[in-house]
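Trainee: I should like to understand the terms applied to this structure. May we go through them one by one?

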Amino acid sequence: MRMTSCFLLRLLLLAGLAAHEARADSVIYKCVDQNGRVEFTDINKPGCKVLDLPGYVASTPAPAPRAAPAVAMRQGAGRPAAASPNPAGFPRVDTATQKARDDDRRTILEDELRAEERKLADLKRDYNNGEPERQGNEKNYAKYQERVAQMRDNIGRSEKNVEALKREIANIK
């Protein structure tokens, strides 16, 4: 019984961390109230202790975030100017090297596109317009329907992959 509650406690802690989207520099506190109930939180309350979690970066409370400076904008001015895409000291790649990289990328994407189109054609052939051949282990009609639904999902996923690959190829300069 004790081991099960400990396991559940750890599971709840992990689920809470995942759902909370804890920052890498935030601190997790373990709080125990007067009734002995344990609570894990990122808010420091009286009676709480900082947890030292393995693989977790923080060991001291994170400073409060600073407020962003106010930006005065004229009407119709749009967004404030963004920082330069190539800051000083950022390594540049010469045109020939970049062209070679783009060509390699295009070749790889075109190979992936051909493979995905072959896979899609095979899936559609096996799907047979929604009436694939029943297999020997599908004496139960529900199993057959489940396989057909899975095939339909695979075809949809493959079609989306083909579209995404075509978009990527079109975006290459």
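**Terms and values**

Mentor: The structure holds eight salt bridges. This is a predicted model, in which local features need pLDDT of at least 70, side-chain atom pairs count only at pLDDT 80 or more, and totals for chains, interfaces and linings use all residues. Residues are numbered from 1 along each chain as its sequence is written, and side-chain values use heavy atoms, with hydrogens and water left out.

Trainee: Why is the contact of Lys99 and Asp103 called a salt bridge?

Mentor: The term requires a side-chain nitrogen of Lys or Arg within 4 Å of a carboxyl oxygen of Asp or Glu. Between the side chains of Lys99 and Asp103 the N to O distance is 3.6 Å, so the pair meets the definition.

Trainee: How are Lys99 and Asp103 placed along helix H2?

Mentor: They are four residues apart in helix H2 (residues 95-127), so about one helical turn separates them. A helix here is a DSSP run of H or I with at least four residues, a strand is a run of E with at least two, and both are numbered from the N terminus.

Trainee: What makes Lys99 count as exposed?

Mentor: Buried means under 20% relative accessible area, exposed over 50%, and partly exposed in between, with a 1.4 Å probe and protein chains only. Lys99 has 52% relative accessibility and therefore counts as exposed. Asp103, at 33%, is partly exposed.

Trainee: Which residues are joined into one network by salt bridges that share partners?

Mentor: Arg125 forms a salt bridge with Asp122, their closest N and O atoms being 3.0 Å apart. Arg125 also forms a salt bridge with Asp126, at 3.4 Å. Through shared partners, Asp122, Arg125 and Asp126 form one network. Arg125 counts as exposed at 55%, while Asp122 is partly exposed at 36% and Asp126 is partly exposed at 40%.

Trainee: How do you know that H2 is roughly antiparallel to H3?

Mentor: H2 and helix H3 (residues 141-171) pack at an angle of about 155°, with their axes 9 Å apart. Axes are lines fitted to C-alpha atoms, for helices over the stretch in contact, and angles run from 0 to 180 degrees between N-to-C directions. Angles under 35 degrees count as roughly parallel, over 145 as roughly antiparallel, 65 to 115 as roughly perpendicular, and the rest as oblique. The angle of about 155° therefore makes H2 roughly antiparallel to H3.

Trainee: What is the order of the strands in the sheet?

Mentor: Three strands form an open sheet in the order S2-S1-S3, with antiparallel pairing. Two strands pair if DSSP finds at least two bridges between them.

Trainee: Why are strands S2 and S3 called edge strands?

Mentor: Strand S2 (38-41) and strand S3 (48-50) each pair on one side only. From one strand to the next, the twist averages 25°.

Trainee: What makes S1 and S2 a pair?

Mentor: Strand S1 (residues 29-32) and S2 share four bridges in the antiparallel sense, so the requirement of at least two bridges is met. Phe40 in S2 is the bridge partner of Lys30, and Tyr29 stands opposite Thr41 in S2.
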